[in-house]
Amino acid sequence: MRVREHVALAWFTGALFGAVELARSGLGGLLAVFVGAALAGLVGALWGIVQAGLVAIARRGAATATRLIPDDGEPRGAAIRRRALGLGLGVAGLAYAGLLVVLFARLGEVEDLELVAALRPLIAVFGAAAALAVGVALAGASLPALAALDDRRPFPWLRPQGLRQLVLAGLGCALALVILGRGDDLLGILAWGPYLLLFVGVEVGVAVALDRVRRLERAVRRGLVATGVVLSVGALVFAEGSAPVYAGVDASRGPWLGRELLRRLTDVDGDGFAPIVGGGDCAPFDAAIAPQALDVPGNGVDENCDGVDAALDEGDGDPLADHYYGVDLRDRVRRYDVVWIVVDALRADHVGAYGYAAPTTPYIDQFAAEALTFTRAYSQSSATMLSIPSMLSGRDPLAATWEYRDDKLALSPIHPTFAELVTGLGYRTSMIVTSYIYVRLQGILRGYAEVVDAAERLPKTRGGRRASASTADHALDFLHRHFADSGAGEPPPYLLTVYFEDPHMPYSARAPGYPSFDGPLADYDQEIAATDRHIGMILEALRLSPRWDRTIVIITADHGEEFKEHGGRAHSRTCYVESVHVPLLVRIPGVRGRRVERAVGLVDLVPTLLELLGAEAGVEVDGQSLLIPTFAPERAPAERPVFCAVLSQKPSQGHFLRYAVRTAEHLLVEEAIEGRVELYELADDPQEVRPVAREGAAKETLTRLWRRLKAAQTGNLGGRLLTR
């Protein structure tokens, strides 16, 4: 095959892959299918060029390698040597693929994540070289047996040649699917290898199927390719006015890679936004003008590419201008001990106190009887990277200042954490975390005199690192030491923050003794039950401690979890209800337990604690004390806005930046890069799956909420994209 034939074949196969991927997503309709075909076809065409070069190199390499195998002098010797080489390399390749999955699984036990990221490609490259050498050796060893077999039954055993190609392609595809089915989460970026093997296998099948088509007149073949190119360009042009088609692209592989390639090639001003493929950059040569630039009101320039210049009166006022309760509870202000428990990825609707029927959380449910239970609490992001810094500082991700640190986002030191604030009040501070927080979110550790990695010595399995028992053990150890170390004197007040990594995915069933559950989410529920049991141990120890009557206890989650409600799994992608609705229980000594139905945010925890400690003066926060919706709901805004932000953290997620504002009646979601806005009416659509049309009263609501969302974006998050 010549280069242009390789390109045409790979383009067609890529377009086929892209169309199937977008059709399976069910997002964007027929136009999305054409866009997926166009973008993946582009990647396929580029691969065709590479493929042509690799085929030429492989032929030369095979010719050289066969000369390494001794020639028996017979006319059929060269053919037998080639088959021996294919057999040897095939066996070595299978062994290499299996060992790669096993070794990568063992790498999951290494604590240093940066070391793991560096070791994976090294192991893959040196392993491939070793497999090549072993394959050649096996070929030489198998040569006599193949020659003897050829005497009994001459090659080829399968005729015609197309059938042989289909069998080999089928074996390659099967191998790729097995690897992806068992090791995709372990391979990381190297998972592209099995996908490439799958692509080549399908490509061979397409080549065999199109064998007759390739015999058509050259003019017809050229016309076919030209038609495909015209359709691809047309689909991309039409998609510029229909941004929702890119929702499916973000969740794909081939189409996403094509979009990422075009985005990077056309982002000439380096602002992280492209003028095509839904990039939304209205000034491709001016880095100061981009979809996430701050729009200066009234200067006549549309800096954020939304089509209009921001009005001087764009904001609707600060609905949280009254940040503190400030009366009646003054007799309760004191230096409380604070225990702040954060559970990763715990959905509110899987907690018994929030109506879940299965017995996942008996200890939390018991605690709810003596705590303020906020039934409509929402995290400020579905990504731990944004949610926990926001929670521990009282600053909305949209309003905060962020910094780059080692290709990660970190909350700027200009925003003090709660731990820093109470350190100045004489508190002893400790935080129990696991490796992810310790490595990825070191900025939130400011102010903690003691930081313990509870998973430091725990092995990691395919079910993840189950650290809840170790976490509870370290928390109990701190409490024992705190009261024992003081001797006869009164120990200082303390802040103990306990982060439970479980039930973060991947989920795994627990040992006998934990409650058993049914259904597709049984493992997730059992992870919750295990974590709840260890939280119960901490609560029991606190009830027996000398200062239970002056201990504030908070139990919440950093975000929820997706189970295909909006097409995705896990978290860190959206601001819909399943991703951000979290349990929030706050026990305040002397305050009877009750349920609070008002919408609140996790950003409200810091102002609540500051008020109860009498330390609120001079501290800038974005939330509102939870005492207002609890004891004076008439002072809480009727349309309290709760904000959310999430952005892509790695290329495999796509390239997105999503904002949302939630009120009692509505949810507005903005895909900032694509310029897509969705409005949901929560009374009729509590699961947030049917966006309402922009007409009549809905249009007015959308405009009002959009202005409020824009007014809240006073920070620099939009300029800190990790996949720019």
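At 58% relative accessibility, E620 is classed as exposed in this predicted model. Its salt-bridge partner is R395, with the closest N and O atoms 3.6 Å apart. R395, by contrast, counts as buried, at 7% relative accessibility. The two residues belong to distant parts of the chain, 225 residues apart: E620 is in the loop between α17 (605-613) and α18 (627-631), and R395 is in the loop between α11 (384-393) and β3 (402-405).

**Salt bridges**

The model holds 25 salt bridges. Three of them are listed below.

| Salt bridge | N to O distance | Relative accessibility |
|---|---|---|
| E620 and R395 | 3.6 Å | E620 58%, R395 7% |
| R550 and E490 | 3.9 Å | R550 23%, E490 59% |
| E671 and R658 | 2.9 Å | E671 2%, R658 12% |

The side chains of R550 and E490 meet at 3.9 Å, N to O. Because R550 lies in the loop between α15 and β8 (551-557) and E490 in the loop between α14 and β7, this salt bridge ties together parts that are 60 residues apart in sequence. R550 is partly exposed, whereas E490 is exposed.

For E671 and R658, the closest N and O atoms are 2.9 Å apart. E671 is in strand β16 (residues 666-671) and R658 in strand β15 (residues 657-662), so their salt bridge connects parts 13 residues apart in sequence. E671 is buried, and R658 also counts as buried. Salt bridges with shared partners also join D337, E490, R547 and R550 into one network.

**Disulfide**

The count of disulfides is one. C575 is joined to C644, with an S to S distance of 2.1 Å. The link of C575 and C644 is left-handed, with -75° about the S-S bond. It connects distant parts of the chain, 69 residues apart: C575 is in the loop between β10 and α16, and C644 is in strand β14 (residues 642-647). C575 is buried, with a relative accessible area of 4%; C644 is buried as well, with a relative accessible area of 4%.

**Aromatic pairs and charges over rings**

There are eight aromatic pairs. One of them is formed by F483 and Y494, whose ring centres are 6.2 Å apart; the planes stand at 90°, so the pair is edge-to-face. F483 belongs to helix α14 (residues 468-485) and Y494 to strand β7 (residues 494-500), and the two are 11 residues apart. Both F483 and Y494 are buried.

The rings of Y576 and Y680 have centres 5.9 Å apart and planes at 90°, and therefore this pair is edge-to-face. Y576 is in the loop between β10 (569-570) and α16 (577-580), while Y680 is in strand β17 (residues 676-681), so far along the chain that 104 residues separate them. Y576 and Y680 are both buried. Ring pairs also link F478, F483 and Y494 into a cluster.

Arginine side chains sit over two further rings. The charged end of R587 is over the ring of W548, 3.6 Å from its centre. R662 lies over the face of Y378, 4.6 Å from the ring centre.

**Backbone features**

D502 and P503 are joined by a cis peptide bond with omega of about 10°. M505 and P506 are likewise joined by a cis peptide bond, with omega of about 0°. P503 is in the loop between β7 and α15 (522-543), and P506 is in the loop between β7 and α15.

A345 is not a glycine, yet its phi is positive, at about 60°. This residue lies in the loop between β1 (337-343) and α10 (362-368) and is buried, with a relative accessible area of 0%. S572 also has a positive phi, near 75°, in a residue other than glycine. S572 is in the loop between β10 and α16 and is buried, with a relative accessible area of 10%.

**Nonpolar surface patch**

L87, V91, V134 and L138 form a nonpolar patch on the surface, and their accessible area together is about 310 Å². Helices α3 (77-107) and α4 (113-152) are the elements that give two or more residues to the patch. L138, in helix α4, is partly exposed, with a relative accessible area of 35%.

Note on methods. Residues are numbered from 1 along each chain as its sequence is written. This is a predicted model: local features need pLDDT of at least 70, side-chain atom pairs count only at pLDDT 80 or more; totals for chains, interfaces and linings use all residues. Side-chain values use heavy atoms; hydrogens and water are left out. Rings of Phe, Tyr and Trp (its six-membered ring) pair if their centres lie within 6.5 Å; planes under 30 degrees apart count as stacked, over 60 as edge-to-face and the rest as tilted. Helices (H or I, at least four residues) and strands (E, at least two) are DSSP runs, numbered from the N terminus. Buried means under 20% relative accessible area, exposed over 50%, partly exposed in between (1.4 Å probe, protein chains only). A charge sits over a ring if NZ of Lys or CZ of Arg is within 6 Å of the ring centre and within 35 degrees of the ring normal. Patches are made of residues with over 30% relative accessible area and no salt bridge: like charges are joined within 9 Å, nonpolar side chains (Val, Leu, Ile, Met, Phe, Trp, Tyr) within 5 Å. Accessible areas come from the Shrake-Rupley method with a 1.4 Å probe; for residues, only the protein chains shown count as cover. A salt bridge is a side-chain nitrogen of Lys or Arg within 4 Å of a carboxyl oxygen of Asp or Glu. A disulfide is a pair of cysteine sulfur atoms within 2.5 Å.
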